[in-house]
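Open the model in your viewer and keep the sequence panel beside it. This tour goes from the whole chain to single residues, one selection at a time.

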Amino acid sequence: MKQSKVLSLVALASIVSMSAFAQNKGLEIAKKADAADNGWGDSANTLNMTLKNRHGQETKRQMKSYFLEVKGDGDKSLTVFNTPADVKGTATLAYTHKSGPDDQWLYLPALKRVKRISGSNRSGPFMGSEFAYEDLSSQEVEKYTYKYIKDEKMNGADCHVVERYPVEKTSGYKRQVVWFNKSNYRVEKTDYYDRKNTLLKTLTFSKYKQYLGKYWRANEMKMVNHQNKKQTVLQFTDMKFKTGLTEEDFSQNSLKRAK
């Protein structure tokens, strides 16, 4: 065997080994982040949403959000709009799954009916914001494949930078780049790339607060769309845990009566 061919095989083996290392480390980081946020049970908060167009004009909305941790599967969430008047009573319900497409429904009070959100529509904007429906589902480990990229500082914290690739073909993203805080595995920033692999949006997390002595939650999340120059800011207040929510609070019927 010629020396050049031997060197090529060695180089190929090295690349394969490095790729496997990056995948394994990326998955390990994602699993640690998931484990760090297990056991909170249920939670509720008040959410203020500010939509800003490319000219700086703002629209504000307020809603209540409820979450339920489900053992062996993804979380359930319910969001109910309180203001402005034209969307009051509108509610969304989501069941995130570890594998397969998530289940999501939208209640429209004007029509008094519940509409199922199909998988192909999950990449669409949530109530006119820069958040897609899929952005608001719990980010289950099994929903992605991973690749560790590097270590880097973000928001003043040492972070692991990990690429993740959605498993579901209906996702609106080719890939996401996530900055995981090394000390507590909370997410500091996420870049979203569209199906053409062009940077679409950036989500930054700030004003973190720890609850129950363990669980970190950002009290502010800012999503900037680099392509249409719009942005949406979410501000969380009155965050509570262990409120006694049950499966019955997250049924399709609960959409119509939620407040």
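## The whole chain

Begin with the cartoon view: the chain holds 2 helices and 13 strands. Its radius of gyration is 20 Å, close to the 18 Å that the globule rule gives for 259 residues, so the chain is as compact as a globular protein of that length. Bear in mind that this is a predicted model.

Turn the model around. The C-alpha trace spans about 75 × 40 × 35 Å along its principal axes. Of the 259 residues, 47% count as buried. Take the contacts between residues at least 6 apart in sequence: 44% of these join residues at least 24 apart.

## Strands S1, S2 and S3

Select residues 42-52, which are strand S1, and residues 58-68, which are strand S2. The two run antiparallel and are joined by 11 bridges. To see one facing pair, show Thr 46 in S1 and Lys 64 in S2, which stand opposite each other. The hairpin of S1 and S2 has 5 residues between the strands, and there Gly 56 takes a positive phi near 90°.

Now add residues 76-83, strand S3. S2 and S3 also pair in the antiparallel sense, over 7 bridges. Here Met 63 stands opposite Phe 81 in S3. As you follow the side chains, remember that in a regular strand they alternate between the two faces of the sheet.

## Aromatic rings

Which residue should be selected with Phe 81 and Phe 126 to complete one aromatic cluster? Tyr 133 is the third member.

The whole structure has 6 aromatic pairs. In one of them, the rings of Phe 81 and Phe 126 have centres 5.8 Å apart and planes at 35°, so the pair is tilted. This pair links distant parts of the chain: Phe 81 lies in strand S3, while Phe 126 lies in the loop between strand S6 (113-117) and strand S7 (144-154), 45 residues apart.

Are these two rings buried or exposed? Phe 81 is buried, with a relative accessible area of 0%. Phe 126 counts as buried too, at 4% relative accessibility.

## Charges over rings

Select Lys 76 and Tyr 95. Lys 76 lies over the face of Tyr 95, at 4.1 Å from the ring centre. Then go to Arg 175 and Tyr 193, where the charged end of Arg 175 sits over the ring, 3.8 Å from its centre.

## Tyr 173

Stay with Tyr 193 and add Tyr 173, since the two are in contact. Tyr 173 belongs to strand S9 (residues 173-181) and is buried, with a relative accessible area of 3%. Among its other contacts beyond four places in sequence are Ala 132, Glu 134, Pro 166 and Leu 200. For a sense of scale, draw a line from Tyr 173 to Gly 100: they are 73 residues apart in sequence and 16 Å apart in space, C-alpha to C-alpha.

## Thr 202

The last stop is in strand S11 (residues 199-211), where you will find Thr 202. With a relative accessible area of 11%, Thr 202 is buried, because the cut-off for buried is under 20%. With which side chain does the side chain of Thr 202 make a polar contact? The partner is His 226, at 2.7 Å. Beyond four places in sequence, Thr 202 is in contact with several residues, including Lys 189, Thr 190, Asp 191 and Val 224.

Technical notes:
Residues numbered from 1 in each chain as written. Predicted model: local features only at pLDDT ≥ 70, side-chain atom pairs only at ≥ 80, totals over all residues. Heavy atoms only, no water. Helix = DSSP H or I, 4+ residues; strand = E, 2+ residues; numbered from the N terminus. Buried < 20%, exposed > 50% of the residue type's maximum accessible area, 1.4 Å probe, protein only. Polar contact = N/O pair within 3.5 Å; in protein donor to acceptor, adjacent residues only side chain to side chain. Contact = heavy atoms within 4.5 Å. Pairing = 2+ DSSP bridges. Phe/Tyr/Trp six-rings, centres within 6.5 Å; stacked < 30°, edge-to-face > 60°. Lys NZ or Arg CZ within 6 Å of the ring centre and 35° of its normal. Rg over C-alpha atoms; globule rule 2.2 N^0.38 Å.
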